[in-house]
Amino acid sequence: MQIVSVSEITFFIVSEKILELGTLSIYSQGGKLIKSQFVNGNSAKLSLSISKNELPKLSFIRFTQGERVYTHKFVR
C-alpha cells in the first residue's frame, strides 16, 4: 500500500467552445488575490491549482471574459 499526500487542489473550467481571452482568478475571504491565470483563447479547458493550505482562505473564484464576469462564491 502507498499513501500519497495531496498538497494541491485543482479547479477546472471546461467549455463546449474555445475560450476567448480572459482571466481565471481565485480570491481570499478578504478579497485578496490568491492566484490568477490568463486564458489565451486556444483552449476549451483551463485549470488552476492552489496549495491545500490556501483552501481555508478561499472565498470565491472569478472567470472574466471581456465584459462578462462569472463568479462562484464559496459558502462556509
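Ser 15 is found in the loop that runs between strand E1 (8-14) and E2, and at 23% relative accessibility this residue counts as partly exposed. In the predicted model described here, Ser 15 and Lys 45 are separated by 30 residues in sequence, while their C-alpha atoms are 6.2 Å apart in space. Ser 15 is also one of the residues that line the largest pocket, a feature taken up again below.

The chain as a whole contains 0 helices and 6 strands, and its elements, read along the sequence, follow the pattern β-β-β-β-β-β. Of the 76 residues of the chain, 28% count as buried. Strand E1 includes Glu 8, which at 47% relative accessibility counts as partly exposed. The C-alpha atoms of Glu 8 and Leu 55, although 47 residues apart along the chain, are separated by 9.0 Å.

An open sheet is formed by 4 strands in the order E3-E2-E5-E6, with antiparallel pairing. Strand E3 (33-39) and E6 stand at the edges of this sheet, and because each has a single partner strand, one side of each is left without a neighbour in the sheet. Neighbouring strands of the sheet are turned against each other by 15 degrees on average, direction ignored. In a regular strand the side chains alternate between the two faces of the sheet.

At one edge of the sheet, E2 and E3 run antiparallel and are joined by 6 bridges. Within this pairing, Thr 23 stands opposite Phe 38 in E3, and Ser 25 stands opposite Ser 36 in E3. The hairpin of E2 and E3 has 4 residues between the strands, and in this hairpin Gly 31 takes a positive phi near 85 degrees.

At the other edge, 6 bridges join E5 to E6, and these two strands likewise run antiparallel. Thr 64 stands opposite Val 69 in E6. The hairpin of E5 and E6 has 2 residues between the strands, and Gly 66 in this hairpin takes a positive phi near 60 degrees. Glu 67 is found in the loop between E5 and E6 and is exposed, with a relative accessible area of 85%. Between Glu 67 and Gly 22, which are 45 residues apart along the chain, the separation of the C-alpha atoms is 9.6 Å.

A search of the whole structure for aromatic pairs finds 2 of them. In one, the rings of Tyr 27 and Phe 60 have their centres 4.9 Å apart and their planes at 15 degrees, so the pair is stacked. Tyr 27 lies in strand E2 (residues 22-28) and Phe 60 in strand E5 (residues 58-65), so the pair ties together parts of the chain that are 33 residues apart in sequence. Both Tyr 27 and Phe 60 are buried. In the other pair, the ring centres of Phe 63 and Tyr 70 lie 6.4 Å apart and the ring planes stand at 25 degrees; this pair, too, is stacked, because planes under 30 degrees apart count as such. The two partners of this pair can also be described by their accessibility: Phe 63 is buried, with a relative accessible area of 7%, whereas Tyr 70 is partly exposed, with a relative accessible area of 42%.

Phe 63 and Tyr 70 also appear among the residues that line the largest pocket, in which about 190 Å³ of space lies. The lining is made up of Ile 13, Ser 15, Lys 17, Ile 18, Leu 19, Glu 20, Phe 63, Gln 65, Arg 68 and Tyr 70. The elements that give two or more residues to this lining are E5 and strand E6 (68-73). By class, the lining of the largest pocket has 5 nonpolar, 2 polar and 3 charged residues. The hairpin strands E5 and E6, joined by 6 bridges, thus contribute to the wall of the pocket, and Ser 15, from the loop between E1 and E2, is included in the same lining.

Technical notes
Residues are numbered from 1 along each chain as its sequence is written. This is a predicted model: local features need pLDDT of at least 70, side-chain atom pairs count only at pLDDT 80 or more; totals for chains, interfaces and linings use all residues. Side-chain values use heavy atoms; hydrogens and water are left out. Rings of Phe, Tyr and Trp (its six-membered ring) pair if their centres lie within 6.5 Å; planes under 30 degrees apart count as stacked, over 60 as edge-to-face and the rest as tilted. Buried means under 20% relative accessible area, exposed over 50%, partly exposed in between (1.4 Å probe, protein chains only). On a 1 Å grid over the protein atoms alone, a cavity is a set of points where a 1.4 Å probe fits but cannot get out, and a pocket is an open set with protein on both sides within 12 Å along at least five of seven lines; lining residues have an atom within 4 Å of a point. Grid points are joined across faces, edges and corners, and a volume is the space filled by probe spheres set on the points. Ala, Val, Leu, Ile, Met, Phe, Trp, Tyr, Cys and Pro count as nonpolar, Asp, Glu, Lys and Arg as charged, and the others, Gly among them, as polar. Two strands pair if DSSP finds at least two bridges between them. Axes are lines fitted to C-alpha atoms, for helices over the stretch in contact, and angles run from 0 to 180 degrees between N-to-C directions.
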